[in-house]
Amino acid sequence: MRALIISVDLGNPDFAAHAEEFAMLARGAGAEIVGTVTARRDRPDAKFFIGSGKVQEAVVMANTLLADIVLFDQPLSPAQQRNLEREFSLRVVDRVALILDIFALRAKSHEGKLQVELAQLQHLVTRLTRLWTHLERQRGGIGMRGPGEAQLEMDRRIIGAKVKMLRERLDRVERQRVTQRRARARGGALSVSLVGYTNAGKSTLFNALTRAGAYAADQLFATLDTTTRRIWIEGTGSVVLSDTVGFIRDLPPNLIAAFRATLEETIHADVLLHVVDAASPQRDEQIAEVNKVLAEIGAGSIPTILVHNKIDRAGLEPRIERDAHGTIARVFVSATERAGLDALRGAIAEIGHIVGNNASNFQTLQSE
């Protein structure tokens, strides 16, 4: 699908990185980017988000380049989306809807598909008004409501019933997950979860540590479904390692809520391995974004090791860094080159020993 991207600079110093990330999202959704319009704004315009002049410029470009769809790199209000679609006579997809679409494309497990569908319906219900503008809406009292209004109420009820059903199904899945988690806890195994910004290399590292075949690719949100494997690490014994969904800046709140069951694996972990792309210029911002989401889901106080991955791309050597107290703070590895993995296993064993013997006094390891 031929896509025109509208990228809005609101004065963010990392605008270029934000724009490139959105382009990666677009390509990940299967779009062929035929052009980009950049708009600079001090604040969003109430009607179009961007100015009317920039809208007309974008309309001309979309027509010239034969675009099939317009991708907007900011979240739009229902009114803004409706107004833009009228101007373009094309479908306009904002950042939130694009991320939801990618999640729908990537979800493979039954649970993942339920979670994505729930988030999509919660997003859709706020946009129903734009779907029925072709129906005349009469004004008046009881008995004078037009067919558009009747259809809207019907759709809301249908979506409400579907949301209720999905939540009930996810509750059943969550109860199963709790049972499995309790069984693992009774086995006395250390629980370790991989977390990190999307495309930091979590799944590649998971495969390197477990020799599993979890899907891994150089793209945003390559995998969504939590994968768990039991491995043996010398010095700590049996370890349950979980690979979780990646995070991204401005992750839609509905998506965080829908994936809360999956993220429970993170909340209940004994140790987190926060995987970082060591070669990314936005490394520090990405760390901050992940820490923000971890705090939102109640995982901010779990003992954490920063794992700087992709050191082969950054020109770094495998090593371990400790804080002022001598506690492991960072481990530098390359999952693709399998460099530094023994040091990482040793770090897991060391922190696992601390957690097992003095969990109440263990302080969370985070980047300064």
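Which residues does asparagine 83 touch, not counting residues up to four places away in sequence? The legends below describe close-up views of a predicted model, and the first view takes up this residue.

**View 1. Surroundings of asparagine 83 in helix H3.** Asparagine 83 is found in helix H3, which spans residues 78-88. Leaving out residues up to four places away in sequence, asparagine 83 touches Lys47 and Phe48. A polar atom of the asparagine 83 side chain lies 3.1 Å from the backbone oxygen of lysine 47. Asparagine 83 has a relative accessible area of 14% and therefore counts as buried, the cut-off being under 20%.

**View 2. Salt bridge between arginine 2 and glutamate 32.** The structure holds eleven salt bridges. In the one shown here, the closest N and O atoms of arginine 2 and glutamate 32 are 3.7 Å apart. The pair links distant parts of the chain, with arginine 2 in strand S1 (residues 2-9) and glutamate 32 in strand S2 (residues 32-40), 30 residues apart. Arginine 2 is partly exposed at a relative accessible area of 29%, and glutamate 32 is also partly exposed, at 44%.

**View 3. Salt bridge between glutamate 117 and lysine 162.** The closest N and O atoms of glutamate 117 and lysine 162 are 3.5 Å apart. Glutamate 117 belongs to helix H5 and lysine 162 to helix H6 (residues 147-186), so the salt bridge ties together parts that are 45 residues apart in sequence. Both partners are partly exposed: glutamate 117 has a relative accessible area of 28%, and lysine 162 has 29%.

**View 4. Salt-bridge network of Arg319, Glu321 and Arg330.** Salt bridges link Arg319, Glu321 and Arg330 in a network. Within this network, the side chains of arginine 319 and glutamate 321 meet at 2.9 Å, N to O. Arginine 319 is partly exposed, with a relative accessible area of 35%. Glutamate 321 has 24% relative accessibility and so counts as partly exposed, since buried means under 20%.

**View 5. The largest pocket and its lining.** The volume of the largest pocket is about 480 Å³. Its lining is made up of 24 residues, and Arg91, Val93, Ala97, Leu98 and Asp101 lie nearest the centre of the pocket. Strand S3 (69-72), strand S4 (91-93), helix H4 (95-106) and helix H5 (110-124) are the elements that give two or more residues to this lining. The largest share, five residues, comes from H5. Sorted by class, the lining of the largest pocket has 14 nonpolar, six charged and four polar residues.

**View 6. The second largest cavity and its lining.** The count comes to two cavities of 30 Å³ or more. The second largest cavity has a volume of about 30 Å³. Tyr197, Ala200, His274, Val275, Val276, Asp277, Arg283, Gln286 and Ile287 line this cavity. The elements giving two or more residues to the lining are strand S8 (271-277) and helix H10 (283-296). S8 gives the most, with four residues. By class, five nonpolar, two polar and two charged residues make up the lining of the second largest cavity.

Notes:
Residues numbered from 1 in each chain as written. Predicted model: local features only at pLDDT ≥ 70, side-chain atom pairs only at ≥ 80, totals over all residues. Heavy atoms only, no water. 1 Å grid on protein atoms, 1.4 Å probe; cavity = no way out; pocket = protein on both sides within 12 Å on 5 of 7 lines; lining within 4 Å. Points joined across faces, edges and corners; volume = space filled by probe spheres on them. Nonpolar A, V, L, I, M, F, W, Y, C, P; charged D, E, K, R; others polar. Buried < 20%, exposed > 50% of the residue type's maximum accessible area, 1.4 Å probe, protein only. Polar contact = N/O pair within 3.5 Å; in protein donor to acceptor, adjacent residues only side chain to side chain. Contact = heavy atoms within 4.5 Å. Salt bridge = Lys/Arg side-chain N within 4 Å of Asp/Glu carboxyl O.
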